[in-house]
Amino acid sequence: MIFQGGLGALGGLLPMLLIIGVFYMLLIRPQQKRQRELQETISQLKAGDRVVTTGGIIGTITTIRDTSLLIRSADKSILEISRSAVAGIQDDEKK
C-alpha cells in the first residue's frame with residue numbers, strides 16, 4: 001500500500017506559509033525599519049540642516065513649525081513643505 005497525501009491540508013498550506021514568511025522577511029520588515037529611521041530623523045531636524053524632499057527639492061531649513069518646515073532652496077526663495085515631504089538629510093559632501 002502506497003501512502004499518498006501525507007500531510008493533507010497542512011501540506012497544501014505549508015508552501016503558501018513559507019512564501020508569506022520569506023516575503024515578510026525580505027520586503028516588509030526592511031521597509032518598516034527604513035520608515036522608523038526616517039521618522040526618527042524627521043523628528044530630530046533643526047534649523048540649518050540641508051534636506052531633500054520627496055519631490056527632489058534640496059534646501060536648508062530656516063524655521064521649524066508643528067507640521068511643516070520653511071526651507072530656503074535658492075538665494076531668496078523660501079518654501080513651506082510638510083514634514084512628511086522630507087525624504088532625508090543631505091550630507092555636506094554632496095554639495
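This report describes the sheet of a predicted model and the position of Asp91 beside one of its strands.

## Sheet layout

The model contains an open sheet of 5 strands, paired antiparallel in the order β4-β3-β2-β1-β5. Its edges are formed by β4 (78-82) and β5, each of which pairs on one side only. From one strand to the next, the twist averages 45°.

In a regular strand, side chains alternate between the two faces of the sheet.

## The β3 and β4 pair

Strand β3 (residues 68-72) runs antiparallel to β4, and 5 bridges join the two. Within this pair, Leu70 stands opposite Glu80 in β4. The connection from β3 to β4 is a hairpin of 5 residues.

## The β1 and β5 pair

At the other edge of the sheet, β5 pairs on one side only. Its partner is β1 (residues 50-53), which runs antiparallel to β5 and is joined to β5 by 3 bridges. Thr53 stands opposite Val86 in β5.

## Asp91

Asp91 lies in the segment that follows β5 (86-89). Along the chain, Asp91 and Arg50 are 41 residues apart, while their C-alpha atoms are separated by 7.6 Å.

Is Asp91 buried or exposed? The relative accessible area of Asp91 is 39%. Buried requires under 20% and exposed over 50%, so a residue in between counts as partly exposed. Asp91 is therefore classed as partly exposed.

Methods:
Residues are numbered from 1 along each chain as its sequence is written. This is a predicted model: local features need pLDDT of at least 70, side-chain atom pairs count only at pLDDT 80 or more; totals for chains, interfaces and linings use all residues. Side-chain values use heavy atoms; hydrogens and water are left out. Helices (H or I, at least four residues) and strands (E, at least two) are DSSP runs, numbered from the N terminus. Buried means under 20% relative accessible area, exposed over 50%, partly exposed in between (1.4 Å probe, protein chains only). Two strands pair if DSSP finds at least two bridges between them. Axes are lines fitted to C-alpha atoms, for helices over the stretch in contact, and angles run from 0 to 180 degrees between N-to-C directions.
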